[in-house]
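User: I would like to understand how the labels for enclosed spaces in this model are justified. Please reason from the criteria to the conclusion each time.

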Amino acid sequence: MDNGKSTVWTTALLQKALSVLMTLTFIPITAEATIQSVSVNVSRDYENASGYTYAEITVHGVVVRADGSEGRYSVPAVIIYPVHGRGKGVGVVDWLNSAFYHFFPPTTEFGTFQFTLLATGSYLFEEGYTYVSIQWNKAVTEIFGPAVPPDGQPHNPLIYGSIDRSSDAWEILLDAARLLKNPGAYPGNDSPAPVATVLSSGYSQGAGAQLELLAEGLDPARVYDGHLIQMIGLACWKREDVAPHFGFFGDCGPLPTNGDHAPVIMLAAETDMLVFHPAVLGFGKSAFFTRNPANPNWRQYEMAGVSHLPEPILPLGVPNQNTADARPIFRAAFDNLARWAQGSAAPAALYFEGSVDATGAFIPTTDADGHFAGGVRLPHVESEVHGLVAGAPLGHHTPLNPLGLNPFHPFVFLSGTFTRFSDDELLSRYPSRADYVQRVKRAANDLAARRYITQEDRKALIAAAGHEPLPAGISRN
């Protein structure tokens, strides 16, 4: 791999994305909120996890703002909760991602993403978590209105509602955590059991909202007990009462540095080290600036070979989308954060190797295959364990996809690419399947021993290596 050429290519992609987005500046507003009632619209056994109930609900609340004014909201949510005492006493609030509606016309209702579920599958429910995803974005409720049309057609249960002011979002998101801790407003005899620990979970747009909450100190009472912030640089999602978008990404205030907040785990992809830069987007800084290494309550894990939107999390149907499966890291991060919120510290931060230039752009050190060196290294990239080669890459993963530039499609641009090695290259790397499996096993065992992946994912990665399609010339033994 010609790393110099790769750097020039990446820079060219970033420059072509210049001026696509514009800087917005906002003033944060603090407030307090109260849930008045909860309506259950749909309730059934959850088809993806035994012993769980799935419900579509509407949360009705009042916001008393810092300026003395009062607002009301009525927003949809999906809650998935364990029954028969199966819960572990930990809840997750998925900060619903609706960035689709900030980039594309609302020609579909299905432009919201519950990334927590996309990035973990059924794992949270296997482990006894309670889950809720709630609509907080006035831009969406203004598009679709307060109520589902009574037309008998399928509708997205997370888009119809009403929010008085865009900045009421913060209290809506805090109220979701309050509801999990005290579900007294939930009607009926089959309401969810209260949980003692609630984690926030945001991906990209939602992660920007989490950073804003932390930078502006919008949860002083620590309603949330931990924050899992995913796939973002140093960019905050701002609120503003100006149609049609009612806010967008902007520069963050200073992040907390003294640890006087709930524990934070950040997951960053290679993409997030590159695109968040004023010269590219007009705002923000790369994920290099969210590392916060002096803060004892902050961990950042940077994922080698992973793009912002890899295919296993959000398949876009584009050719050669980045195939790196980062979900094992996400699953372990939830468990590590839950334990940390209850007193057991998370594993050490893992950063990419590299530096920033005079403009703040991250300049990565790359390995022999062109992936970022350092960070959390799943078996799809090469690493070293106790002096032995670990990891068994099958090709090259990139953080950006040029197919997303003309016409500009932000999701495709951030989806990265995968180019498989030739059969000759694979034959030269792996003389036998046993050798390939052994290298995967070394990487998986090391990651699980240090708690960057779970033991279940360790076993799954090793088992999958035994069935990975390899060139016919690679021997079995």
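User: What makes the lining of the largest cavity count as nonpolar, polar or charged by class?

Analyst: In this predicted model, that lining has 17 nonpolar, three polar and no charged residues. Phe, Pro and Leu count as nonpolar, whereas Ser and His fall among the others and therefore count as polar. Among the residues closest to the centre of the largest cavity are Phe103, Pro410 and Leu414, together with Ser204 and His308.

User: Why is a space called a cavity, and how many of 30 Å³ or more does the search find?

Analyst: A space is called a cavity because a 1.4 Å probe fits there but cannot get out. The search of the whole structure finds two of them at 30 Å³ or more, with about 290 Å³ in the largest and about 30 Å³ in the second largest.

User: What makes a residue part of the lining, and which residues line the second largest cavity?

Analyst: A lining residue has an atom within 4 Å of a grid point. For the second largest cavity, the residues are Tyr301, Ile329, Ala332, Ala333, Asn336, Val376, Arg451 and Tyr452. Since Arg counts as charged and Asn as polar, the division into six nonpolar, one polar and one charged follows. Helix H9 contributes the largest share of this lining, four residues.

User: Why is the space of about 440 Å³ called a pocket?

Analyst: The term pocket applies because the set of points is open, with protein on both sides within 12 Å along at least five of seven lines. This second largest pocket has 21 lining residues, of which H13 gives five, the most of any element.

Definitions and conventions. Residues numbered from 1 in each chain as written. Predicted model: local features only at pLDDT ≥ 70, side-chain atom pairs only at ≥ 80, totals over all residues. Heavy atoms only, no water. 1 Å grid on protein atoms, 1.4 Å probe; cavity = no way out; pocket = protein on both sides within 12 Å on 5 of 7 lines; lining within 4 Å. Helix = DSSP H or I, 4+ residues; strand = E, 2+ residues; numbered from the N terminus. Points joined across faces, edges and corners; volume = space filled by probe spheres on them.
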